[in-house]
Amino acid sequence: MLQGIAFYVLAAVTVIGGLLVVTARNPVHSVLWLILTFFSAAGLFVLLGAEFLAMLLVVVYVGAVAVLFLFVVMMLDVDFVRLREGFAKYLPLAVIVAGVLLAEMVMISLVVAQGGAAAASTGPATPNPDATNVEALGRVLYTDYVYIFQAAGIVLLIAMIGAIVLTLRHKPNVKRQDVGRQVGRDRNKAMEIKSVPTGTGVKPEDLV
Amino acid sequence: MPDLIQALQLSAPEATLAVGGLVLLMVGAFAGEKSARLVSTLSVLLLVAATALVVTGPLGRAFNGAYVADPLAVFGKAVIFLSSAVAIVLGDGWMKRQRIARFEYPILIVLASAGMGMMASSGDLISLYIGIELHSLALYVLAAFHRDDLRASEAGLKYFVLGALSSGLLLYGASLIYGFTGSMRFEDIAAYAAANPSTGLIFGLVFLICGLAFKVSAAPFHMWTPDVYEGAPTPVVALFATAPKVAAMVLIARTLEGAFAGSHDQWSQVLILISLISFAVGAFGGLVQKDIQRLLAYSSIANIGYALLGIAAGTTLGVQAMLLFMTLYVVDQFGFFAILLSLSRNGRPIRTIQDLAGLRKERPVTTLALTVLSLSVLGMPPLSGFWGKWAVFGAAAEAGYWMVGAAGLVASVVAGFYYLRIIKVMWFDPAPEQAPTDRAPLEAKTIAWGCAAFSFPLVIVGLTWLEPWAAAAAVGYGVG
C-alpha cells in the first residue's frame with residue numbers, strides 16, 4: 001500500500017518534472033526541474049530495490065551532469081528566447097513523433113505484460129538475497145560483461161584523447177610558475193650590482 | 001578461469017590492439033610530438049601483428065557469445081586491419097608535409113581498428129553497439145584532425161552530430177529488438193524470431209538497419225558523406241572509404257543473416273530499397289561534382305548499393321559476393337586516394353577534376369594508374385572492379401533480384417560518365433599555364449602504383465586465392 005502510494009507520487013513527479021524541463025521559459029529553471037526529475041527517478045530505483053543505482057543517479061547525474069549543465073547554461077551566451085521561436089511551428093511534427101514513440105512503448109509494455117518477451121529467455125535473473133547491489137553488479141560486470149565493460153572504458157579513453165587532440169595547444173611563450181626554480185634562486189642569481197658613473201644615469205638596455 | 005584464458009586467446013587481436021594502443025599512447029606522451037614517425041611505424045607493425053593473430057588464431061565463441069571468431073570475422077578483420085595500416089602509412093607522410101603531424105593520429109586509428117574488429121566479430125547487440133561507438137568516436141576526431149582548417153572542423157562536427165543521431169536510431173532499434181525477444185544474443189534472437197514473428201520485431205530491425213546504413217553511407221542516409229569526404233584530411237578520407245565500410249558491411253551481414261535469417265523477406269525489401277536509392281543518388285549526384293573527393297563520395301554511395309545488394313540476396317553466394325566486392329573496392333579506393341595524395345602543385349594538393357588537365361605529359365605512370373583505377377571502379381572487364389560487380393550481380397540474379405541488378409547496371413553506365421571524364425581530362429585536355437607538379441612522396445606513389453597493378457593484371461592471380469577464401473568465410477560463419 002505504502003509502496004504503491006510512493007510509486008505513484010514519484011512517477012507523477014518524474015513525468016511532471018520532465019514536462020517542465022521542456023516547457024520552462026528560463027533555461028536555469030529547466031535544469032532545476034531536471035534535477036528534480038533525476039531525484040524522483042532515483043526514488044523509483046529505490047522502490048525497485050536497486051539502491052546502488054539510485055545513489056549513482058544522484059551522485060553522477062545530479063552531482064556532476066546537472067551541475068555541468070547549469071554551468072553551460074549560465075556561461076554560454078545563447079539567446080534561448082530565439083531558440084524557441086520555432087516551437088509553435090514545429091509542434092505538430094513533434095506531437096506526431098512523440099505519439100509514435102508513445103505508441104511503440106505501449107506496444108512493448110503490452111507484449112512484456114503478456115509474458116511474450118520473457119518466453120524466449122530465462123527472464124531477469126533472480127536476485128541473490130545474500131549479495132548486496134554493488135556486489136551483484138560487480139560480479140556481472142567483471143565476469144559476463146568484462147569484454148563490453150573494458151571496451152566501454154576504451155570508448156571513454158578515445159573521447160579523452162579526442163578532446164586533447166582537438167583543443168590542446170602548446171604555447172611556447174607562456175610563462176609558467178616553476179616552484180623549484182623560484183626556491184632555488186638566491187641573491188647572487190637574482191641581483192647584480194652595477195656601478196653607475198655619476199651624472200650619466202642608467203639606460204634601459206643596461207638593465208637587461 | 002580456463003574460460004577466461006580461452007576467451008582471451010580468442011579475442012587476442014582486439015586485445016593486442018587495445019593494449020598496444022595504450023602503450024603507444026604512453027610512448028607518445030613521454031616522447032612528445034617528435035615521436036609521430038616512431039609511433040606510426042610501431043602502429044603499422046601492431047596492426048600487421050594483429051592481422052597475423054587473426055589469421056592464425058583459434059575459432060570459437062567467447063564472453064557469453066558476445067564475441068564470435070569465425071571465418072567471416074577472420075576475413076573481415078584481415079581486410080580491416082591491413083586497410084588501417086595502409087591509412088597510417090599514407091597519413092604519416094602527408095601530415096608531416098602539412099605540418100600537422102601528431103602522434104595521436106596512428107593511435108586513434110589503432111583504437112578505431114579495435115572497435116572495427118569488435119564489430120566484425122560481434123555476437124550480440126551490446127558488442128555491436130560498443131564496437132560501432134568505439135570506431136565512430138575515433139573517426140569523428142580524425143575527421144576534424146586538421147583543426148585549424150575550417151572545412152575539416154565542419155566535417156568533424158557534421159559527422160559527429162549526424163553520427164549521434166544514427167546511434168540514437170540504432171539504439172532505439174536494438175532496444176525494441178531486446179524488448180520483443182528478451183535477449184541480446186543473436187542466436188537467441190534468431191531462435192525467438194523464427195518461432196514468434198512479430199511486427200514489433202521488424203520495426204526494431206528497420207531502425208537497426210537505418211542506423212547501420214548510416215555508417216556505410218548508403219542513401220538515403222548519405223547526407224554527411226560528400227561534406228565529410230571533401231573537408232576531412234585526405235588520408236583520413238582514405239580510411240573512411242575503406243576499413244569502416246568493410247566492418248559495417250560484415251556487421252550487417254552477420255546481424256541480418258545471423259539473427260534475422262527467418263525474416264529475410266522483410267529485410268531484403270528494405271535493403272533493396274536502400275540499394276536502389278543508393279544507385280540513383282551515387283550515379284546522378286556524382287555527375288555535377290567538380291571536387292574529386294566529393295566525386296569519390298558519390299562513387300562510394302553507389303558502390304555501397306552494390307555491396308548491399310549482395311547481402312539482400314540472402315544467400316551464401318551473396319555474402320561471398322559482398323566480401324569479394326568490398327575487398328576489391330578497398331584496393332581501388334586506396335589507389336585513388338594515394339594518387340590524390342601524391343599529386344600537388346607548389347605544395348597545394350590537386351582537388352578538382354580540371355586540375356588533372358595535362359597530367360599525361362608530366363606524370364605518365366600516375367596517369368596510367370589513375371586510368372586503370374577509374375576503369376576498374378567503372379566495372380570494365382577484365383579489371384578488378386568488374387569481378388566484384390560480376391559476383392554481386394550473379395548472386396542477385398540467382399536469388400531472383402535480376403531487375404535490381406539491371407538497375408545497378410544502368411547506374412554503372414551513368415556513373416561511367418564521370419570516370420570517363422577523369423580519363424578524358426587527363427589524356428586529352430590541353431594543359432593550362434600552371435606550376436609543375438611536385439615530386440611525389442614515395443609512400444603514396446608506391447601504394448598508388450601497387451593498387452593499380454593489383455586492379456590489373458594482378459587481380460587475376462589474386463582472385464584465385466581471394467575467391468575461395470571469401471567462399472569459406474561466407475559458408476563457415478557462426479562456427480564454434
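What follows is a chat about a predicted model with chains A and B.

Biologist: Hi! How many residues of chain B are in contact with chain A?

Modeller: Hello! In this predicted model, 35 residues of chain B are in contact with 31 residues of chain A.

Biologist: And how much area do chain B and chain A bury between them?

Modeller: About 3000 Å² is buried between chain B and chain A, with 75% of it on carbon and sulfur atoms. The size of an interface is often given as the accessible area lost when the parts come together.

Biologist: What about charges? How many salt bridges are there between chain B and chain A?

Modeller: The count between the two chains is 1 salt bridge. D148(B) and R169(A) are the partners, and their side chains meet with 3.2 Å from N to O. Side chains of opposite charge can pair when their charged atoms come close.

Biologist: How many residue pairs are in polar contact between chain B and chain A?

Modeller: There are 5 residue pairs in polar contact between chain B and chain A, counting pairs with both residues at pLDDT 80 or more.

Biologist: Which elements of chain B touch chain A, if I only want those giving two or more residues?

Modeller: Those are α2 (12–31), α5 (104–120), α6 (125–143), α7 (150–181) and α9 (199–215) of chain B. The most comes from α6(B), which gives 7 residues to that side.

Biologist: How do the residues on that side of chain B divide into nonpolar, polar and charged?

Modeller: The side of chain B that touches chain A has 24 nonpolar, 6 polar and 5 charged residues.

Biologist: Changing topic: how many cavities of 30 Å³ or more does the structure hold?

Modeller: The structure holds 5 cavities of 30 Å³ or more, and the largest cavity has about 70 Å³ of space.

Biologist: Which residues line the largest cavity?

Modeller: Its lining is made of N303(B), F325(B), L328(B), Y329(B), D332(B), S376(B), V377(B), S384(B), G385(B) and G388(B). At least two lining residues each come from α15 (316–342), α17 (364–378) and α18 (384–398) of chain B. The largest share, 4 residues, is from α15(B). By class, the lining of the largest cavity has 4 nonpolar, 5 polar and 1 charged.

Biologist: Pockets next. How much space lies in the second largest pocket?

Modeller: About 460 Å³ of space lies in the second largest pocket. It is lined by 19 residues, and the closest to its centre are V79(B), L82(B), T327(B), V330(B) and V331(B).

Biologist: Which element gives the most to that second largest pocket's lining?

Modeller: That is α20(B), with 7 residues. The elements that each supply at least two residues of the second largest pocket's lining are α3 (36–56), α4 (71–97), α15 and α20 (442–475) of chain B.

Biologist: And what is the lining of the second largest pocket like by class?

Modeller: The lining of the second largest pocket has 14 nonpolar and 5 polar residues, and no charged residues.

Biologist: Back to salt bridges. What does the count come to over all chains?

Modeller: Over all chains, the count comes to 17 salt bridges. One of them joins D92(B) and R37(B), whose closest N and O atoms are 2.5 Å apart. This pair links distant parts of the chain, with D92(B) in helix α4 and R37(B) in helix α3 of chain B, 55 residues apart.

Biologist: Now the backbone. Which peptide bond into P382(B) is cis, and where does P382(B) lie?

Modeller: The bond from P381(B) to P382(B) is cis, with omega near 0 degrees. P382(B) lies in the loop between α17 and α18 of chain B. Another cis bond runs from F456(B) to P457(B), with omega near 10 degrees, and P457(B) lies in helix α20 of chain B.

Biologist: Last one: what is phi of F63(B), positive or negative?

Modeller: Phi of F63(B) is positive, near 50 degrees, in a residue other than glycine. F63(B) is in the loop between β1 (60–62) and β2 (67–69) of chain B.

Notes: Residues numbered from 1 in each chain as written. Chains lettered and ligands numbered in written order. Heavy atoms only, no water. Contact = heavy atoms within 4.5 Å. Buried area = accessible area lost by both parts, 1.4 Å probe. Salt bridge = Lys/Arg side-chain N within 4 Å of Asp/Glu carboxyl O. Polar contact = N/O pair within 3.5 Å; in protein donor to acceptor, adjacent residues only side chain to side chain. Nonpolar A, V, L, I, M, F, W, Y, C, P; charged D, E, K, R; others polar. 1 Å grid on protein atoms, 1.4 Å probe; cavity = no way out; pocket = protein on both sides within 12 Å on 5 of 7 lines; lining within 4 Å. Points joined across faces, edges and corners; volume = space filled by probe spheres on them.
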